[in-house]
Amino acid sequence: MQNFTLACIGPIYFALHLEASHKVRAPAARQLRYLPWSMVLGYVVPSIMLGLPSPNVVSYPAQQAAIALWTPFPVWVGLIHSLLSWCGGHIYNISPEPAAERSSKIYLYAARPVYLFAVIGSAIVHIGTVVTSLSTVVFPSLFVASAREALAPQTLLFPRNLLLDSIGAGVLNFMQWDQWVGYAALWMWVLKITQEGGMRVQTKAGLLWRALEVVVCVALLGPGGAAVLFVWRRD
């Protein structure tokens, strides 16, 4: 899954969800409680290992091994989550799921820490990226010329349709387009499910207010964190 970019697989996933979500039973609440731990162990820890500076902290071969370990992170997240869910079910001897009406309430209660984890995690990454980029404009003297140019908002945050002079610049431009297209699909999905989930807007004033909500939340939390917040409100 990690080899499929957001712009490629995102619209397909969101379309399938809109078609099939009303037919699929919500997952067991006990599995949700382990999801943040699965993400930390399967994704965050390998990412930290990947980001250690070389050769000052780790050797080049060790960093290459970390890259190889990080690449299939969805597999590690899935395996760790299955292991934690299995261990939790046997250690705590959790009883079968209750009736549908109680199961829904229990599921929503268990989902709160997951939503909070996702919002905070996304906001930290978003704020760190935006603050660093804007610092090149507000405090340019803090950066050497090459870093100031590479981290400038127009370079870091927005794709360009220019002739690129290196593979690295081409990869960056590709990933920027991937993010913009993928998050556009994400927000089409979010607005669709929130409209159908009791957050319907019908007046022009309501549409303007909803647009302002989206812009402010995306600016503060990032597109991913803001999307999680809207889905949380819907639930």
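## Overall surface and fold

How much accessible surface does the protein chain have, and what share of this surface belongs to carbon and sulfur atoms? In this predicted model, the accessible surface of the protein chain comes to about 15,700 Å². Carbon and sulfur atoms account for 71% of that area.

The secondary structure of the chain consists of 10 helices and 0 strands. Read along the sequence, the pattern is therefore α-α-α-α-α-α-α-α-α-α. The chain has 235 residues, and buried residues make up 26% of them. Among the contacts with a separation of 6 or more, 63% join residues that are 24 or more positions apart.

## The largest nonpolar core

The largest nonpolar core contains 19 residues. Those with the most contacts inside this core are Leu186, Trp187, Trp189, Val190, Phe230 and Val231. Three elements each give two or more residues to the core: helix H6 (100–138), helix H9 (167–196) and helix H10 (204–234).

Val190 illustrates the contacts made by one of these core residues. When its neighbours within four places in sequence are left aside, Val190 is in contact with Ala227, Phe230 and Val231.

## The bend in helix H10

Helix H10 has 31 residues, and a straight helix of that length would reach 45 Å at 1.5 Å a residue. The end C-alpha atoms of H10, however, are only 21 Å apart.

Where does H10 bend, and by about how many degrees? The helix bends by about 115° at Gly222. A proline, Pro223, follows within four residues of this position.

## Two buried polar residues

Thr136 is found in helix H6. Is Thr136 buried or exposed? Its relative accessible area is 6%, and Thr136 counts as buried because this value is under 20%. A polar atom of the Thr136 side chain lies 2.5 Å from the backbone oxygen of Ser133. Leaving aside its neighbours within four places in sequence, Thr136 is in contact with Phe143, Arg148, Leu151, Ala152 and Pro153.

Asn173 is found in helix H9. Its relative accessibility is 11%, so Asn173 also falls under the 20% limit and counts as buried. Which residues does Asn173 touch, not counting those up to four places away in sequence? They are Pro159, Arg160 and Leu164.

How values were computed
Residues numbered from 1 in each chain as written. Predicted model: local features only at pLDDT ≥ 70, side-chain atom pairs only at ≥ 80, totals over all residues. Heavy atoms only, no water. Core = buried A, V, L, I, M, F, W, Y, C linked by side-chain atoms within 4.5 Å. Buried < 20%, exposed > 50% of the residue type's maximum accessible area, 1.4 Å probe, protein only. Contact = heavy atoms within 4.5 Å. Expected span 1.5 Å × (residues − 1). Bend = angle between axes of the 7 residues up to and from the residue. Polar contact = N/O pair within 3.5 Å; in protein donor to acceptor, adjacent residues only side chain to side chain. Areas by Shrake-Rupley, 256 points an atom, 1.4 Å probe, with all protein chains shown as cover.
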